[in-house]
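User: Could you teach me how to read the features of a structure, one at a time? I would like the general idea and then the case at hand.

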Amino acid sequence: MAPPRVSVLVLNHNGRGHLEACLPTLAAQTYPRDRIRIEVVDNASTDDSLAFVRRAFPRVAVRRFDRNLGFAEAYDDAIRADDSEFVALLNNDTRVEPTWLSELVEAAARHDAACVGSRMLDWTGEKVDFAGGLLTFIGHSWQRDAGGPAAREYAEEPLLFACAGSMLVQRNAYLDAGGLDRDYFAYFEDVDLGWRMSVLGFKTMLAPRAVTYHRLHGTASRFAFAQRLRLYERNALATIFKNYETETLRRVLPVAIALSLARGLAHSGIDPRDFTLGAAPPATVGISTRTAVHLLALEDFCRQLPSLTAKRHAIQSRRKVTDRDLFPLFG
């Protein structure tokens, strides 16, 4: 039987220098060439990224958007327009081993997994970038063993989510779970997708022999930390709101909101003594950018509650796996 057809989607925004390193490693894959389709999904680049692709890699398809749709919406559009059995998502600031795609597909077959995550190392191959995720109960996630030695050995093991910087997903399962949440723009959208797929009973696995080298923060570093923090905070709240069972959400959501406020106020620059009973409060108070970002993120979450409620109903009405069964995957 012929191996499944796979579309490898590489998201790009003004990343000509990244593509120069990434695309040759996709061209060198050991996976059967006639079963791979490679597409650069371009978020309105203004450099010569696309001219470079068309000149140097004429076999690579290009999907260009006329504005920057972010991570989630751009990938979601590309996946919905595709017809391959599997799609692989790959950051442009990566390069992969020749057996990368074969290892992902074989791991999916061995474990009947709908999603498989690559083991990601730093650009030099000396340190771990992603070898499984850690998820807190309030929706924030980190990479397990990040910065640890690359020589550590990992088994093929179940995950709650894979890192979308380098992962394989069965297209039908992706669509069944609702796909990437386009309202996230970027950050934690892969956590949310993996969690939703897990709720529906789809399996996600780590494929440690599928190796990716990642130029850490090669793309994210272009954006100010405050802008990224706003997305972190609001998307974490959206993720737990959609994916927890009702009783768990009742316990966790007030704590998550309180902790977000506490993190913001810790950087406020406000002197609490100005607001003690009997003190003369100042007419105006200046706050730090970080405090403003936390408040904006909470406002974003509140504004999104009507749409989030509809999304929550769509996933909870089809739940097959309990919170209790998923908690061990939080790490």
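Analyst: We will go through ring pairs, salt bridges, a kinked helix, a strand residue and a surface patch.

Analyst: Some ground rules come before that. This is a predicted model, in which local features need pLDDT of at least 70 and side-chain atom pairs count only at pLDDT 80 or more, while totals for chains, interfaces and linings use all residues. Residues are numbered from 1 along each chain as its sequence is written, and side-chain values use heavy atoms, with hydrogens and water left out.

User: Thanks! How should I read aromatic pairs?

Analyst: A pair of aromatic rings is described by the distance of the centres and the angle of the planes. Rings of Phe, Tyr and Trp (its six-membered ring) pair if their centres lie within 6.5 Å; planes under 30 degrees apart count as stacked, over 60 as edge-to-face and the rest as tilted. By this rule the count here is ten aromatic pairs. One of them joins Phe71 and Tyr75, with centres 4.8 Å apart and planes at 80°, so it is edge-to-face.

User: Where do Phe71 and Tyr75 sit in helix H3?

Analyst: They are four residues apart in helix H3 (residues 70–81), about one helical turn. Helices (H or I, at least four residues) and strands (E, at least two) are DSSP runs, numbered from the N terminus. Phe71 counts as buried at 14% relative accessibility, and Tyr75 as buried at 0%. Buried means under 20% relative accessible area, exposed over 50%, and partly exposed in between (1.4 Å probe, protein chains only).

Analyst: Now take Trp195 and Tyr244, whose ring centres are 5.0 Å apart with planes at 90°, so that pair is edge-to-face. It links distant parts of the chain: Trp195 is in helix H6 and Tyr244 in the loop between H7 and H8, 49 residues apart. Both Trp195 and Tyr244 are buried, and ring pairs link them with Phe137, Phe327 and Phe330 into a cluster.

User: And how do I read salt bridges?

Analyst: Side chains of opposite charge can pair when their charged atoms come close. The rule is a side-chain nitrogen of Lys or Arg within 4 Å of a carboxyl oxygen of Asp or Glu. The structure holds 29 salt bridges. In one of them, Asp300 and Arg234 meet at 3.7 Å, N to O. Asp300 lies in helix H9 and Arg234 in helix H7, so this pair ties together parts that are 66 residues apart in sequence. Both Asp300 and Arg234 are buried.

User: Which helix holds both Glu247 and Arg250?

Analyst: Both lie in helix H8, three residues apart, about one turn of the helix. Their salt bridge has its closest N and O atoms 3.7 Å apart. Glu247 is partly exposed at 44%, and Arg250 is exposed at 60%.

User: Where does helix H9 bend?

Analyst: Helix H9 (residues 289–316) has a kink of about 60° at Leu305, shortly before the proline Pro306. The bend at a residue is the angle between axes fitted to the seven residues ending there and the seven starting there. The buried residues of H9 include His294, Phe301 and Gln304.

User: What about Val8, buried or exposed?

Analyst: Val8 is buried, with a relative accessible area of 1%, and its place is in strand S1 (residues 6–12). Beyond four places away in sequence, Val8 touches residues including Leu26, Ile38 and Trp100, where contact means heavy atoms within 4.5 Å.
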